[in-house]
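Colleague: I have this one open on my screen and would like to go through it with you, charged pairs to begin with.

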Amino acid sequence: MGKVAARIKVMPQSPKVDLDALQDRLEESLPEGAKINRVDREDVAFGLVALYPTVVVPDDAGGTEAVEEAFSDVEGVESVSVDEVGRI
């Protein structure tokens, strides 16, 4: 089985959210078998910064749905959407 890498856009609830703490909570929320390879940050507007974790999951794990759901339940997250997906 192969692996899938997905770049996921995570929008914090406000510019006041501590991005380092949010990143830690995202890593702690990952389902079994998934791991964050890297996290990029991009300015959005008015001081709001989006996190873009690149998550690697096994190909047989049903894609990124479990990761998206886990990230959505994390405190401080406003929205989660898949930006890019590819096999590795």
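Modeller: A good place to start is Asp-40 and Arg-38, whose side chains meet in a salt bridge at 2.6 Å, N to O; the term stands for a side-chain nitrogen of Lys or Arg within 4 Å of a carboxyl oxygen of Asp or Glu. Please bear in mind that this is a predicted model, in which local features need pLDDT of at least 70 and side-chain atom pairs count only at pLDDT 80 or more, while totals for chains, interfaces and linings use all residues. Residues are numbered from 1 along each chain as its sequence is written, and side-chain values use heavy atoms, with hydrogens and water left out.

Colleague: Is Arg-38 buried, exposed or partly exposed?

Modeller: Arg-38 is partly exposed, at a relative accessible area of 49%. For these words, buried means under 20% relative accessible area, exposed means over 50% and partly exposed is in between, with a 1.4 Å probe and protein chains only.

Colleague: How many salt bridges does the structure hold?

Modeller: The structure holds five salt bridges. One of them joins the side chains of Asp-83 and Arg-7, at 2.7 Å, N to O. Asp-83 belongs to strand 4 (residues 77–87) and Arg-7 to strand 1, so this pair ties together parts that are 76 residues apart in sequence. Strands here are DSSP runs of E with at least two residues, helices are runs of H or I with at least four, and both are numbered from the N terminus.

Colleague: Which residues are linked with Arg-7 in a network of salt bridges?

Modeller: Arg-7 is linked with Glu-42 and Asp-83 in that network. Arg-7 counts as buried at 17% relative accessibility, whereas Asp-83, at 38%, counts as partly exposed.

Colleague: And what does Asp-59 pair with?

Modeller: Asp-59 forms a salt bridge with Arg-87, and their closest N and O atoms are 2.0 Å apart in the model. Asp-59 sits in the loop between strand 3 and helix 2, and Arg-87 in strand 4, so the pair ties together parts that are 28 residues apart in sequence. Arg-87 is exposed, with a relative accessible area of 66%, while Asp-59 is partly exposed at 24%.

Colleague: Changing topic, where is Val-10 found, and what does that residue touch?

Modeller: Val-10 is found in strand 1, which covers residues 3–12, and at 0% relative accessibility the residue counts as buried. Leaving out residues up to four places away in sequence, Val-10 touches Leu-26, Ala-50, Leu-51, Pro-53, Phe-71, Val-77 and Ser-79, where contact means heavy atoms within 4.5 Å. The C-alpha atoms of Val-10 and Pro-53 are separated by 7.8 Å, although the two residues are 43 residues apart along the chain.

Colleague: What about Thr-54, buried or exposed?

Modeller: Thr-54, which lies in strand 3, counts as buried at 15% relative accessibility. The residues that Thr-54 touches, again not counting those up to four places away in sequence, include Arg-7 and Arg-38, and among the others are Ala-5, Ala-6 and Ile-36.

Colleague: Which residues does Leu-48 touch?

Modeller: Leu-48 is also placed in strand 3, is buried at a relative accessible area of 17%, and touches Met-11, Pro-12, Ser-14, Pro-15, Glu-42 and Asp-43, with residues up to four places away in sequence left out.

Colleague: What is notable about the phi of Phe-46?

Modeller: Phi of Phe-46 is near 50 degrees, a positive value in a residue other than glycine. Most residues other than glycine have a negative phi. Phe-46 is found in the loop between strand 2 (35–45) and strand 3, and counts as exposed at 84% relative accessibility.

Colleague: How far apart in space are Asp-60 and Phe-46?

Modeller: Asp-60 and Phe-46 are 40 Å apart, C-alpha to C-alpha, with their positions 14 residues apart in sequence as a separation. Asp-60 is found in the loop between strand 3 (48–58) and helix 2 (65–72), and is exposed at 56%.

Colleague: Last topic, the helix side: where does Glu-27 lie?

Modeller: Glu-27 lies in helix 1, residues 19–29, and is partly exposed, with a relative accessible area of 39%.
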